[in-house]
Amino acid sequence: MRTLLSMASAVALALCAALAGAQTFPQPGKPVRVMVGFAPGGGTDIQARILQPKFSEALGAPVIVENKPGASTMLAVMEVVKSAPDGHTILYSFNGAFAQNPHTLANVQYDPFKDVAPISLAARGPQLLVLHVSVPASNIRELIEYGKANPGKLNIASFGTGTSSHIFAEMLMRQMGIDMLHVPYKGAGDAAKDLLSGRVQLMFDAATTAIQNVNTGKLKALGQVGETRSALLPNIPTLKEQGIQGIDMLGFLGYYGPAGMPAEVVQKLNAAIVKALAHPDVKAGFERGGYEAISSTPAELGAMTRDSYERWGKVIRDIGLKPQ
């Protein structure tokens with residue numbers, strides 16, 4: 001009887017603590033940390049910072065963006081997974097952290113469904129295949145011709161082993177019949193620096209950053225990922241139009257927290273994000289980078305994440321990419 005009473009007391013105390021935490025969220029004077037798994041300057045980082053002031057305003061608490069690049073976003077994910085489930089440490093991430101990493105990396109230490117809690121979708125849009133201006137090609141056919149005539153001269157960057165940019169690169173090489181050296185980086189920002197300098201020649205990059213460099217004439221856009229052309233990027237043909245099959249899955253980004261967050265905390269975060277994403281300045285900022293600002297319920301983001309995990313798993317198995 002004493003044991004049962006002790007267990008009941010412990011459960012009651014835990015429930016009271018959870019309810020108290022939910023009622024006081026956000027805690028006075030304590031910021032909400034948004035972890036980004038890429039270096040500053042990449043598309044994910046830019047979007048998180050565009051949303052930051054409106055998110056903070058809607059939540060009524062400081063919101064800070066922290067970059068924790070490395071291990072194909074796993075360092076940032078683990079920072080969130082190991083944090084207290086009080087809503088004050090959350091993740092802004094491309095879907096690859098949960099849809100691709102578990103299939104391509106051998107040392108993933110988190111379960112994409114048991115260890116994280118979806119909060120809200122935030123953005124959806126394509127990646128672009130961009131090429132350094134020194135390479136004399138303006139479409140896929142010309143790139144194939146150049147690659148076959150100049151073996152060993154093309155290096156393709158990615159923002160991490162196992163990320164979508166890496167998987168797309170592997171798919172592209174197989175279909176083009178050209179061997180290129182894959183050069184992984186800690187994030188899109190680092191990869192873009194070497195691409196702009198000509199140390200690497202091409203990469204799949206989020207439209208958010210890629211389109212800026214294309215518009216300044218530093219890079220050329222050879223194609224966009226997707227079944228059809230994005231309404232925000234109507235002048236860039238899809239890779240599918242140019243004979244490349246399978247590279248057609250649009251990416252999405254969303255907010256996630258650690259498992260175990262009280263429902264009330266998730267709801268408060270979701271409401272603030274939804275309100276921030278609806279602001280005209282946020283929508284315009286995302287659209288300038290070729291992405292749509294779009295929110296969801298936590299359940300909708302969870303379903304999208306599960307579907308993405310299954311679709312990417314099939315693609316990765318089909319191309320024979322083994323966990324590294």
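A colleague and a modeller talk through a sheet, two helices and some aromatic rings.

Colleague: Happy to look at this together! Which pLDDT do local features need here?
Modeller: This is a predicted model, in which side-chain atom pairs count only at pLDDT 80 or more, totals for chains, interfaces and linings use all residues, and local features need pLDDT of at least 70. Residues are numbered from 1 along each chain as its sequence is written, and side-chain values use heavy atoms, with hydrogens and water left out. For local features, then, the value is at least 70.

Colleague: Let's start with the sheet. In what order do its 5 strands lie?
Modeller: Strands here are DSSP runs of E with at least two residues, helices are runs of H or I with at least four, and both are numbered from the N terminus. Two strands pair if DSSP finds at least two bridges between them. The sheet is open with mixed pairing, and its edge strands, each pairing on one side only, are E7 (181-184) and E9 (219-224). The order is E7-E6-E8-E5-E9.

Colleague: Nice. Which residue of E8 stands opposite Ile156?
Modeller: Strand E6 (residues 155-158) and strand E8 (residues 202-206) run parallel and are joined by 2 bridges. The residue opposite Ile156 is Leu202.

Colleague: At about what angle does helix H9 run to E8?
Modeller: Axes are lines fitted to C-alpha atoms, for helices over the stretch in contact (heavy atoms within 4.5 Å). Angles between N-to-C directions run from 0 to 180 degrees. Helix H9 (residues 207-215) lies across strand E5 (127-132), E8 and E9, and its angle to E8 is about 120°.

Colleague: How many of the residues of H9 are buried?
Modeller: Buried means under 20% relative accessible area, exposed over 50%, and partly exposed in between, using a 1.4 Å probe and protein chains only. Among the buried residues of H9 are Ala207, Ile211 and Val214, and their cover includes helix H2 (43-59), helix H8 (188-197) and helix H11 (280-288). H9 is mostly covered, and the buried count is 7 of 9.

Colleague: You mentioned H11, so let's turn there. Why do Val282, Gly285 and Phe286 lie on the same side of H11?
Modeller: These three residues of H11 are buried, while Pro280 and Arg288 on the other side are exposed. The arc is taken from the directions from the helix axis to the C-beta atoms. The buried three share a side because they cover an arc of only 95°.

Colleague: Now the rings. Why is the pair of Phe98 and Tyr110 edge-to-face?
Modeller: Rings of Phe, Tyr and Trp (its six-membered ring) pair if their centres lie within 6.5 Å; planes under 30 degrees apart count as stacked, over 60 as edge-to-face and the rest as tilted. The structure holds 8 aromatic pairs. In this one the centres are 6.0 Å apart and the planes stand at 80°, so the pair is edge-to-face.

Colleague: How many residues apart in sequence are the parts tied together by Phe98 and Tyr256?
Modeller: Phe98 and Tyr256 form a tilted pair, 4.6 Å centre to centre with 55° between the planes. Both Phe98 and Tyr256 are buried. Phe98 lies in helix H4 and Tyr256 in strand E10 (residues 251-258), so the parts tied together are 158 residues apart.

Colleague: One last thing: over which ring does the charged end of Arg306 sit?
Modeller: A charge sits over a ring if NZ of Lys or CZ of Arg is within 6 Å of the ring centre and within 35 degrees of the ring normal. The charged end of Arg306 is 3.6 Å from the centre of its ring, that of Phe113.
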